[in-house]
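User: I would like to go through this model step by step, with a short argument behind each answer. Please start with the term needed to read the sheet.

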Amino acid sequence: MRIIKYINPHFPNHDWFRCTIENETYSSPSRDNVELWRDDKLINADYYKELKEISDKAMAQMYENNHNNWTGD
């Protein structure tokens, strides 16, 4: 969960910072904002885990009940 400093090609005159946790990346020209995002993700990890599980179940339910799904048959 480290914060990486990099040059954004769209804003080459400013330093940018980014942090990636699992499959989610947050970037900002403000290191403080990236630190707040990272700390929130780490402190509330149980909440975000539960949110992901609920979302995965909902997507599975939608997939199973979609009569338009192409299954490759």
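Analyst: Two strands count as a pair if DSSP finds at least two bridges between them. The model is a predicted one. Four bridges join β1 to β2, so with a threshold of at least two bridges these strands are a pair, and their direction is antiparallel.

User: In what order do the strands of the open sheet lie?

Analyst: The sheet is open, has three strands and is paired antiparallel. β2 (residues 15–21) is joined to β3 by five bridges, and β1 is joined to β2 by four. The order is β1-β2-β3.

User: Why is one side of β1 and of β3 left without a neighbour in the sheet?

Analyst: β1 covers 4–7 and β3 covers 24–28. Each has one side without a neighbour in the sheet because both stand at the edges, each with a single partner strand. Neighbouring strands of this sheet are turned against each other, direction ignored, by an average of 35 degrees.

User: Which residue is the bridge partner of Tyr-6 in β2, and which residue in β3 stands opposite Arg-18?

Analyst: β1 and β2 are joined by bridges, and the partner of Tyr-6 in β2 is Trp-16. Between β2 and β3, Cys-19 has Tyr-26 of β3 as its bridge partner. Opposite Arg-18, in β3, stands Ser-27.

User: Which strands does helix α1 touch, and what angle does its direction make with that of β2?

Analyst: Helix α1 spans residues 31–43 and packs on the sheet. Its contacts there are with β2 and β3. The angle between the directions of α1 and β2 is about 10 degrees.

User: Is Phe-17 buried or exposed?

Analyst: Phe-17 is found in strand β2. Beyond its neighbours within four places in sequence, its contacts include Ile-3, Tyr-6, Tyr-26, Ser-27 and Val-34. Its relative accessible area is 13%; the limit for burial is under 20%, so Phe-17 is buried.

User: How far apart in space are Phe-17 and Glu-35, C-alpha to C-alpha?

Analyst: In sequence, 18 residues separate Phe-17 and Glu-35. From C-alpha to C-alpha the separation is 9.4 Å.

User: Which element gives the most residues to the largest nonpolar core?

Analyst: The largest nonpolar core has six residues: Ile-3, Phe-17, Cys-19, Ile-21, Val-34 and Trp-37. The elements giving two or more residues to this core are β2 and α1. With three residues, the element that gives the most is β2.

User: Is Lys-41 buried or exposed?

Analyst: Lys-41 lies in helix α1. Not counting residues up to four places away in sequence, Lys-41 touches Ile-21, Glu-24 and Tyr-48. With the same kind of neighbours left out, Ile-21 touches Met-1, Trp-37, Arg-38, Lys-41 and Leu-42. The relative accessible area of Lys-41 is 14%, and buried means under 20%, so Lys-41 is buried.

User: What is the phi of Glu-22, and is Glu-22 buried or exposed?

Analyst: Glu-22 is found in the loop between β2 and β3, a hairpin with two residues between the strands. Most residues other than glycine have a negative phi. Glu-22 has a relative accessibility of 69%, and exposed means over 50%, so Glu-22 counts as exposed. Its phi is positive, near 55 degrees.

Notes
Residues numbered from 1 in each chain as written. Predicted model: local features only at pLDDT ≥ 70, side-chain atom pairs only at ≥ 80, totals over all residues. Heavy atoms only, no water. Axes fitted to C-alpha atoms, helices over the stretch in contact; angles between N-to-C directions. Contact = heavy atoms within 4.5 Å. Buried < 20%, exposed > 50% of the residue type's maximum accessible area, 1.4 Å probe, protein only. Core = buried A, V, L, I, M, F, W, Y, C linked by side-chain atoms within 4.5 Å.
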